[in-house]
Amino acid sequence: MYKYIIKRVLLAIPTLFGAALLVFFLLRAIPGDVCEIRLAGTGLYADPAEIELCRDKLGLNDPMIVQFWDFVSGYFTWDLGDSMWTGKPITFEIGLRFKLSLQIAIMATLVAIAIAIPLGIISAVKQDTWMDYAVRAFSIAGIAIPSFWLGIIIILGLLIVTQHWFGAPWMPPIDYVSPFEDPLRNMSQLIWPAVATGYRYSAVATRMTRSALLEVLREDYVRTARSKGLMERVIINRHALKNALLPVVTIIAIEFAFLIGGLVVTEQVFNLNGLGKLFVESVGAQDFNLTQQLVMLVVLIFVITNLVVDILYAWLDPRIRYS
Amino acid sequence: MKRFSPKLAAVAVLSCAFGLGVGGPAAAQERGGVLNFVVGSKIPSYDGHRETTFGMIHPIAPFYSLLIRVNPDNPQSATDFVCDLCEGSVPKPTEGGTKYTFKIRSGVKFHDGAPLSSADIKATYDKIIFPPEGVPSARKAFFKMVESVEAPDSTTVVFKLKFPSGAFIPALATPFNFVYSKKDLDAHGYEWHGKNINGSGPFVFVQHQPGSFVEGKRNGNYHHSGQPYLDGFKAISAPKMAIRLNAIRGDRAAIEFRGFPPKARDDLVNALGDKITVQESDWNCVLLSTPNQMREPFDDPRVRQALTLSVDRWAGSKYLSEIAIVKTVGGVVFPNHPLAANKDELTQLAGYWTDLNKSRARATQLLKQAGHSDLKFELNNRGVDQPYKVVGTWLIDQWRQAGLNVTQRVQPTPPFYATLRKKKDFDVSVDFNCQSVINPIADISKFLGSAGNNYGNYQDQVLEDIYNELLQTGDEAGQRTLIRKYEKRALDEMAHLGVTLWWYKINPHRSYVKGWKIAPSHYLNQQLDNVWLDKSLM
């Protein structure tokens with residue numbers, strides 16, 4: 001197992017290098033740069049000499065190979081550079097947003113699990129009954145409805161309903177407060193995007209739980225357990241569910257990794273200062289340094305998540321052994 | 001559901017126009033409270049001398065003072081400048097208009113406790129006007145007329161000009177000219193203010209969570225007696241307009257200082273009635289249509305004239321102002337400024353005639369003469385709804401009505417500017433001129449082929465000569481005559497650029513926000529020292 005893990009970690013190096021190469025050159029293939037956006041994009045007088053000076057200071061006039069070396073060599077010195085827009089260290093910019101994105105990802109995952117596992121089990125156990133149909137309709141709706149749209153509806157709904165009931169419209173806070181500082185305010189801001197995202201996320205997991213459980217329930221060992229006279233609850237919880245969860249764990253883990261950097265639109269809808277919003281802003285501002293590091297962070301998260309999923313597989317199904 | 005009441009909106013707007021319920025008499029001003037406002041752009045750095053975005057001005061300007069500023073109680077005036085750090089009135093020039101002597105207030109302190117003197121003003125303006133090599137200063141070109149800045153004693157600053165210029169005082173009042181401490185500049189260098197704040201403004205910096213908010217608290221030692229009225233402010237970053245709008249509706253924020261389109265104003269008034277006050281103003285920003293004179297047939301003035309003659313600006317004003325943040329028909333100078341063209345003067349220019357049929361017939365004739373009766377081209381536009389895409393679509397419709405075949409290429413901001421500035425691979429492009437203090441002589445430099453922000457790719461020595469003469473002209477009547485000549489050359493005879501419609505600023509805000517008065521620019525009047533909250537309306 002250890003050998004396998006080491007091998008996977010070593011294999012991650014060319015993956016990361018390939019991603020670095022790709023993101024570096026793709027970004028520079030897009031016309032425009034941060035200095036033009038910063039100095040000319042406002043419509044105010046823009047002195048071409050100032051724009052050149054800005055480029056010089058940010059190293060944008062350096063040869064490509066020098067810029068690429070600056071980017072890659074940072075990993076060996078743990079100096080990821082500064083944001084081209086704010087001039088602040090990238091580790092600071094990302095660190096600031098990472099905790100919010102992580103919290104949202106955890107909350108959305110909890111919402112998804114809380115919905116998906118019970119509904120998936122009910123749907124499988126009560127196959128082809130009205131309950132199964134209701135759960136399937138609920139989950140299909142979750143897949144069909146984009147979470148950003150649900151987010152918009154939630155905000156508008158809150159504004160309209162609270163105005164109707166209490167006379168004054170209410171919406172969730174739009175500036176972030178840490179859960180350690182003010183847990184109530186933090187929850188009143190983040191519960192809504194967690195529900196909006198968790199619902200879509202749960203829809204996929206519900207369907208996966210249902211189909212995996214249905215497959216397992218038809219296995220010989222389940223029939224054997226039933227013939228032994230075991231209670232249905234014990235058969236499902238102890239024997240069937242654990243095996244059925246393998247693909248569900250994969251889905252949940254991949255979605256979790258996606259949520260950390262991928263809540264681009266939902267973060268905008270709820271004005272959350274997370275990595276998704278930072279991603280959009282850095283791309284919009286042509287902040288090459290920051291965009292590169294954000295892409296690399298997402299790649300790294302996916303590499304780690306895949307590794308963790310593989311290890312979880314072995315734990316959930318002892319027959320799986322990696323060599 | 002309640003429908004939008006035009007009567008209600010009219011009341012709200014008029015209340016602003018007559019100063020009712022917005023500023024109020026001094027006795028009514030209340031102390032206390034924190035003003036939450038939303039900002040739709042982000043902060044690059046804190047250094048006003050380097051930056052150009054309102055994303056920096058709105059949250060950071062309250063921490064700083066200026067030497068002079070636009071009168072916060074009369075920001076609609078383009079010529080009413082008052083002292084901020086200087087004493088008394090803004091001085092009149094001496095020595096034939098080439099010397100301005102400012103007396104500096106005594107007793108002013110920076111937030112770190114250091115006293116402010118004329119040496120700080122000199123150090124600040126030296127950095128802005130004569131920055132050492134490698135130090136960015138976005139507006140040093142505004143001060144081409146300045147020969148030197150001197151501080152003969154601790155309370156006097158003298159600006160000596162190379163020639164008299166009507167552009168000097170407005171340039172001095174530019175809201176980006178934050179006064180820095182000489183001590184900070186000497187001790188920490190010219191980059192320090194990009195990441196640190198030490199001003200003498202009405203509010204003291206508390207914290208900045210990048211991407212989230214900036215927080216300030218009341219400066220107890222502020223030099224304008226009794227001000228500021230607020231205990232503090234919180235500038236919340238909200239890039240999406242829907243969020244900013246909902247934030248005001250849900251009272252997460254009381255105001256947004258940049259501006260909303262008419263529909264957003266109507267939605268807010270419709271939902272909240274008299275809890276919303278609307279302030280509206282002409283806006284010192286304008287979209288232009290810029291033909292690329294490096295490309296045929298746009299190197300032919302007849303073709304460019306045909307483009308401007310095809311556009312019905314008067315009708316456009318009427319209809320576009322209902323859906324977009326544009327309204328007023330104007331020439332090269334901000335409308336209603338003493339140096340701007342009046343309606344009679346405008347209607348003499350190509351593209352402003354009141355007889356549209358005559359105008360389009362002339363356009364057709366000119367295209368025929370130029371051998372381009374079936375002209376086809378592409379309009380390059382920026383992927384921003386308000387007002388770029390709206391105005392771009394309107395322009396295309398206008399040109400099509402005149403028989404031209406026009407398509408539109410909408411690009412995100414980075415490639416849009418790369419097209420204008422580097423690649424130059426466009427036929428005609430939407431372009432943008434947006435300034436802060438109304439400074440016509442500086443603002444109209446946009447129309448010069450030599451200007452760094454002109455994308456028409458032309459040289460016109462006649463226009464340059466008129467402008468140079470204008471720069472050296474001190475009296476207003478002379479300036480006005482020269483600007484008309486300049487306007488005629490730029491918009492009519494050579495039709496280098498086409499002015500579309502001037503922007504229109506709409507600021508719906510919570511009615512409990514008092515004291516803030518709308519200015520003709522989203523960069524102006526943002527120190528918030530005269531803003532207060534009427535708690536009876538909260």
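1. Salt bridges between the two domains of chain B. The count between domain 1 of chain B and domain 2 of chain B is 0 salt bridges. A salt bridge here is a side-chain nitrogen of Lys or Arg within 4 Å of a carboxyl oxygen of Asp or Glu. Polar contacts do occur: the rule finds 4 residue pairs across this interface, both residues at pLDDT 80 or more. A polar contact is a pair of N or O atoms within 3.5 Å; within protein, one must be able to donate a hydrogen and the other to accept it, and residues adjacent in sequence count only if both atoms are side-chain atoms.

2. Basis of the values. This is a predicted model, in which local features need pLDDT of at least 70 and side-chain atom pairs count only at pLDDT 80 or more, while totals for chains, interfaces and linings use all residues; side-chain values use heavy atoms, with hydrogens and water left out. Residues are numbered from 1 along each chain as its sequence is written, and chains are lettered from A and ligands numbered from 1 in the order in which they are written.

3. Domain layout of chain B. The assignment gives domain 1 (31-254 + 512-537) and domain 2 (282-504). These bounds come from an automatic or database domain assignment. Taken over C-alpha atoms, the centres of domain 1 of chain B and domain 2 of chain B are 32 Å apart. Their contact takes 20 residues from domain 1 of chain B and 16 residues from domain 2 of chain B. Contact means heavy atoms within 4.5 Å.

4. Area between the domains. Domain 1 of chain B and domain 2 of chain B bury about 1,400 Å² between them, and carbon and sulfur atoms give 66% of it. Buried area is the accessible area (1.4 Å probe) that two parts lose on being put together, summed over both. Ala78(B), Phe163(B) and Pro520(B) supply 31% of the area that domain 1 of chain B buries against domain 2 of chain B, more than any other three residues.

5. The largest nonpolar core. This core has 171 residues, of which Leu35(B) and Phe159(B) touch the most other members. Helix α12 (residues 385-401) of chain B gives the most to this core, with 7 residues. At least three residues come from each of domain 1 and domain 2 of chain B. A nonpolar core is a set of buried Ala, Val, Leu, Ile, Met, Phe, Trp, Tyr and Cys residues joined through side-chain atoms within 4.5 Å. Buried means under 20% relative accessible area, exposed over 50%, partly exposed in between (1.4 Å probe, protein chains only).

6. Phe159(B) and a separate core. Leaving aside neighbours within four places in sequence, Phe159(B) is in contact with residues including Leu67(B), Tyr100(B), Phe102(B), Ile129(B), Phe168(B) and Leu172(B). Apart from the largest core lies another, of 61 residues, among them Ala112(A), Ile235(A), Val269(A) and Ala247(B).

7. The interface of chain A and chain B. Here 53 residues of chain A are in contact with 62 residues of chain B. The two chains bury about 4,700 Å² between them, with 55% on carbon and sulfur atoms. The rule finds 6 salt bridges across this interface. Glu191(B) and Lys57(A) meet through their side chains in a salt bridge (3.0 Å, N to O). Residue pairs in polar contact number 14, both residues at pLDDT 80 or more. The largest share of the side of chain A that touches chain B comes from α3(A), with 6 residues.

8. Chain A overall. Its secondary structure comes to 13 helices and 0 strands. Helices (H or I, at least four residues) and strands (E, at least two) are DSSP runs, numbered from the N terminus. The C-alpha atoms of chain A fill a box of roughly 85 × 65 × 35 Å, taken along the principal axes. Buried residues make up 50% of the 323 residues in chain A.

9. Thr328(B) and Trp502(B). Thr328(B) sits in strand β12 (residues 326-328) of chain B. Thr328(B) is buried, with a relative accessible area of 19%. Its side chain makes a polar contact with the side chain of Asp282(B) at 2.4 Å. Thr328(B) is also in contact with Trp502(B). Trp502(B) belongs to strand β16 (residues 498-510) of chain B. Trp502(B) is buried at a relative accessible area of 3%. The side chain of Trp502(B) reaches the backbone oxygen of Gly331(B) at 3.2 Å. The C-alpha atoms of Trp502(B) and Val326(B) are separated by 5.6 Å, although these positions lie 176 residues apart along the chain as an offset.
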